[in-house]
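Visitor: I am new to this structure and would like a close look at a single part of it. Please start with the strands in the middle of things, and then follow whatever leads outward from there.

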Amino acid sequence: MRFQGLLGRVVLGCALLAVAGCGDEGADGGGGSGGASGSGGASGSGGTGAPDPDDDTLSGVSRVIHIDPTNTAPNQDGSLANPYASWTSVSFSNDTAYVQKRGTTYTSSSNITVRGRSNVILGAYGSGARPLFRYTGGSSAVLLESTSGSTVKNLEIEGGASTWALVRVQGTSGSYTKNNTITGCHLHSAYGPNNGGFGVYGWYNDGLRVLGTEIHDIALDGMYLHFITRLEVGYGDIYDVNTRYRVNTDQSVSSGDGIQLNGLYDGFHIHHTTIDRSTTGNKFALILNSSEAGSESASGVIEHCTFRGSPGAPVSLYIERGRGIVTRYNRFEDTPMGVRITGGLTSDNLIHHNLFYDSTDGVYVTTNAAGVPAGTRVYNNVFYHVTGRHIGASRSPVEARNNLHARAGDGGVALYSNNATFVSSNHCYDTTATAGSLGVSGASVVGSPLFVDGPGHDFRLQAGSPCLDRGVDVGLSVDFDGTPIPQRGAPDIGAFERR
């Protein structure tokens with residue numbers, strides 16, 4: 001997995017297959033077919049940490065069925081000694097793990113469908129590379145339908161020219177799936193025709209978790225999730241999505257995003273994930289929008305992520321519906337616009353302790369036919385080499401405090417107003433020119449912020465920085481690194497509190 005940006009590369013260990021209280025099980029039976037929101041002051045947590053894709057430990061199952069596509073022995077029974085050679089030999093039962101041998105490839109036009117089951121694991125055993133399921137059909141490679149408490153773990157799933165989705169998790173409007181997990185997987189090459197071609201696709205899910213999963217070479221969305229509550233996405237890497245753009249730049253044809261949340265998406269937590277849109281155009285890295293009534297009240301947290309854009313993908317994070325969404329501790333780099341807040345069906349957005357650099361615009365707040373986005377707060381962010389508007393607003397109210405604005409040979413301006421209303425104070429501008437036409441806000445300072453290494457994107461403050469102790473208390477308790485605020489009598493300006 002690439003794990004770009006904040007994560008760097010994960011050092012992976014190796015573990016043997018272990019099943020607590022589970023003996024080697026042979027013949028299978030049963031049905032089916034083979035084939036957080038948070039407060040602005042909290043630091044946030046990524047759960048238990050990045051999953052290890054070499055850890056095949058299984059828990060909570062009563063038996064294990066083995067699949068080894070290289071096995072040619074007769075009388076295959078799914079045991080470790082005589083595994084099934086094909087996923088089509090399997091019928092799925094509750095409380096059972098189905099594991100493919102590492103280092104093997106299984107190719108089939110038949111998908112793997114788990115329907116109406118609970119506590120099923122699709123995973124790996126042995127040593128070596130993730131097992132590969134190469135799907136050549138025209139549906140979804142793996143389908144969890146009306147299934148809950150189940151896991152797709154440590155598999156590489158490769159699609160092709162006809163693949164609709166690599167993993168699809170599907171409930172119904174009257175019965176959401178609950179607490180399914182996709183973890184440690186590598187999903188790639190879904191190029192389905194027409195409106196198909198997704199990494200993870202889902203409708204009507206509650207508590208879905210997508211962790212430690214790499215998604216790339218996708219015709220449309222890396223993840224498209226409709227009617228999704230309590231979603232967690234973490235420790236992932238999403239890139240080379242909306243690849244149809246390379247064939248046809250018309251957005252009616254190439255309309256994919258890194259992640260799109262649609263319908264009702266309350267209680268989401270997206271963290272420690274890189275969404276890189278630098279290789280294709282159109283749409284967004286992450287979009288929160290819906291035509292469904294009630295989505296204007298959806299809440300969630302976006303933190304510790306890295307967003308990259310391209311001239312053809314003009315906005316990294318687009319928020320048009322939701323209330324009290326918190327965007328914090330993220331990096332927005334090389335993007336035409338970091339965050340865009342649009343319209344009267346989103347309100348009370350809090351954007352704090354983010355880093356915006358080597359980009360055109362940072363944050364922009366504007367109206368649409370639904371009205372004015374109320375209550376936007378932009379606190380303690382760093383804007384460096386943002387060549388256009390660091391914080392811009394059109395006919396909208398914005399409260400901006402404790403932000404650090406620095407040029408790097410460019411003409412970017414800290415605050416831009418098109419008939420907007422700014423409440424602004426306690427910023428640092430490297431020069432008065434950086435303040436722009438709105439001028440230096442009250443209780444602000446002008447001077448070099450004394451970054452540790454601005455060009456190297458280390459925006460921590462050195463001793464003697466004019467930003468030290470010059471911020472105002474806005475109710476935030478920890479900085480980008482998790483350092484408590486304040487360290488002295490008053491908060492520092494910017495995203496890092498100097499110890």
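Guide: Two strands are said to pair if DSSP finds at least two bridges between them, and the elements themselves are DSSP runs numbered from the N terminus, helices being H or I runs of at least four residues and strands E runs of at least two. What you see is a predicted model, in which local features need pLDDT of at least 70 and side-chain atom pairs count only at pLDDT 80 or more, while totals for chains, interfaces and linings use all residues. Residues are numbered from 1 along each chain as its sequence is written, and side-chain values use heavy atoms, with hydrogens and water left out.

Let us begin with strand β14, which spans residues 198–206 and has eight of its nine residues buried, where buried means under 20% relative accessible area, exposed means over 50%, and partly exposed lies in between, for a 1.4 Å probe and protein chains only. Strand β10 (residues 165–170) runs parallel to β14 and is joined to it by five bridges, with Arg-168 standing opposite Tyr-201 of β14. Tyr-201 also stands opposite Tyr-224 in β17, and that strand, residues 223–229, pairs with β14 in the parallel sense over six bridges. A further parallel partner of β14 is strand β11 (residues 177–178), which is linked to β14 by two bridges and sets Thr-177 opposite Asn-205.

Strand β5 (residues 120–125) gives a second view of covered strands, since six of its six residues are buried. In a regular strand the side chains alternate between the two faces of the sheet. In β5 both faces are covered, with Val-120, Leu-122 and Ala-124 buried on one side and Ile-121, Gly-123 and Tyr-125 buried on the other. Strand β2 (residues 96–101) pairs with β5 in the parallel sense over six bridges, and Tyr-98 has Leu-122 as its bridge partner there. Strand β8 (residues 151–153) also runs parallel to β5, through two bridges, one of its residues, Thr-151, standing opposite Ile-121.

Leu-122 leads us on to the largest nonpolar core, a set of 75 residues in which Leu-122, Ile-157 and Leu-261 have the most contacts; such a core consists of buried Ala, Val, Leu, Ile, Met, Phe, Trp, Tyr and Cys residues joined through side-chain atoms within 4.5 Å. A second, separate core has 19 residues, including Tyr-357, Ala-406, Phe-451 and Ala-495. Returning to Leu-261, and setting aside residues up to four places away in sequence, we find that Leu-261 touches Leu-225, Ile-228, Leu-231, Phe-268, Ile-270, Ile-287, Leu-288 and Asn-289, contact meaning heavy atoms within 4.5 Å.

His-271 lies in strand β21 (residues 268–271) and counts as buried because its relative accessible area is 0%. Its C-alpha atom is 9.2 Å from that of Thr-306, although the two residues are 35 apart along the chain. Gly-338, in strand β30 (residues 337–342), is likewise buried at 0% relative accessibility, and among the residues that Gly-338 touches beyond four places in sequence are Val-315, Leu-317, Phe-332 and Phe-356.

The backbone has some less common turns, given that most residues other than glycine have a negative phi, and most peptide bonds are trans. Arg-395, in the loop between β37 (389–394) and β38 (397–401), has a positive phi near 55° and, at 47% relative accessibility, is partly exposed. Asn-402, in the loop between β38 and β39 (404–406), has a positive phi of about 65°, yet Asn-402 is buried, at 0% relative accessibility. A cis peptide bond joins Ile-485 to Pro-486, with omega near -5°, and Pro-486 belongs to the segment after β45 (458–461).

Asn-402 and Ile-485 both appear in the lining of the largest cavity, together with Asn-380, Val-472, Asp-473, Val-474, Gly-475, Leu-476 and Pro-491. A cavity is a set of points, on a 1 Å grid over the protein atoms alone, where a 1.4 Å probe fits but cannot get out, and lining residues have an atom within 4 Å of a point. The space in this cavity is about 40 Å³, the volume being that filled by probe spheres set on grid points joined across faces, edges and corners.

Technical notes
1 Å grid on protein atoms, 1.4 Å probe; cavity = no way out; pocket = protein on both sides within 12 Å on 5 of 7 lines; lining within 4 Å.
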